[in-house]
Amino acid sequence: MASIIHYDIAMDEDDCEKLQRIIQGNILKIAEALAGDLQWYSQNAQLVPNSFHVISIQPSDDYRFKMLYDFSWNLFNPCLDLNETFKRREEVLFQVSPGALVFAVIDNARPSPADEL
């Protein structure tokens, strides 16, 4: 599954610091895709707004890059006296395309009971 940040960027852009600034400024556009399905942890798990932080970007090959990022998610359940915040560190590959940054996000949606059968 591809997530895209549309941005006026040259196809041959390879400045990792510039890419990091662009992504950090637009990360909310793809935040849900980057966090994935938090229902794997709990039905009460929720993404903490504005918690995404790009840690680093490293070149891979042919205008492809690896981005290391982290974000926080919260687990709240008053019946069980739970109110915990967790930080997760992940990485994703992306490439520079004409006018866009295309992220290769893995779809980790929880299967439905019908899918499990």
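Mentor: Two strands count as paired if DSSP finds at least two bridges between them. The model in front of you is predicted.

Trainee: What makes S3 and S4 a pair?

Mentor: Six bridges join S3 to S4, and at least two are needed, so the two strands are paired. The strands run antiparallel. His 53, for instance, has Asp 70 in S4 as its bridge partner.

Trainee: What lies between S3 and S4?

Mentor: Four residues, and the two strands form a hairpin. In the turn, Asp 62 has a positive phi of about 45 degrees.

Trainee: Where do S3 and S4 fall in the whole chain?

Mentor: S3 covers residues 53-59 and S4 covers 64-77. The chain has three helices and six strands, in the order β-α-α-β-β-β-β-β-α.

Trainee: Why is Ser 51 called buried?

Mentor: The relative accessible area of Ser 51 is 14%. The cut-off for buried is under 20%, so Ser 51 meets it. Ser 51 sits in the loop between strand S2 (45-47) and S3.

Trainee: How do you know that the side chain of Ser 51 makes polar contacts?

Mentor: A polar atom of that side chain lies 2.8 Å from the backbone oxygen of Val 48, and a polar atom of the side chain lies 3.0 Å from the backbone nitrogen of Ser 72. The limit is 3.5 Å, so both distances are within it. Leaving aside residues up to four places away in sequence, Ser 51 touches Asp 70, Phe 71 and Ser 72.

Trainee: Is Asp 8 buried or exposed, and how do you know?

Mentor: Asp 8 has a relative accessible area of 78%. Exposed means over 50%, so Asp 8 is exposed. Asp 8 belongs to the loop between S1 and H1. Its C-alpha atom is 6.9 Å from that of Ala 100, which is 92 residues away along the chain.

Trainee: Why are the buried residues of helix H1 said to be on the same side?

Mentor: The residues in question are Cys 16, Leu 19, Ile 22, Ile 23 and Asn 26. They cover an arc of only 125 degrees around the axis, and therefore lie on the same side of H1. In an α-helix there are 3.6 residues a turn, so residues three or four places apart point the same way.

Trainee: What do those buried residues pack against, and what is on the face turned away?

Mentor: They pack against strands S1, S3, S4, S5 and S6. The face turned away carries the exposed residues Glu 17, Arg 21 and Gly 25.

Trainee: What makes Asp 15 a cap of H1?

Mentor: A side-chain oxygen of Asp 15 lies 3.1 Å from the backbone nitrogen of Glu 17, at the N-terminal end of H1. That is within the 3.5 Å limit, so the two atoms qualify by distance as a polar contact.

Trainee: How many aromatic pairs are there in the whole structure?

Mentor: A search finds six.

Trainee: Why is the pair of Phe 65 and Phe 94 called stacked?

Mentor: The ring centres are 5.4 Å apart and the planes differ by 20 degrees. Centres within 6.5 Å make a pair and planes under 30 degrees apart make it stacked, so both conditions hold. Phe 65 is in strand S4 and Phe 94 in strand S5, 29 residues apart. Both are buried. Elsewhere, ring pairs link Phe 52, Tyr 69 and Phe 71 into a cluster.

Note on methods:
Residues numbered from 1 in each chain as written. Predicted model: local features only at pLDDT ≥ 70, side-chain atom pairs only at ≥ 80, totals over all residues. Heavy atoms only, no water. Buried < 20%, exposed > 50% of the residue type's maximum accessible area, 1.4 Å probe, protein only. Arc of directions from axis to C-beta. Contact = heavy atoms within 4.5 Å. Polar contact = N/O pair within 3.5 Å; in protein donor to acceptor, adjacent residues only side chain to side chain. Phe/Tyr/Trp six-rings, centres within 6.5 Å; stacked < 30°, edge-to-face > 60°.
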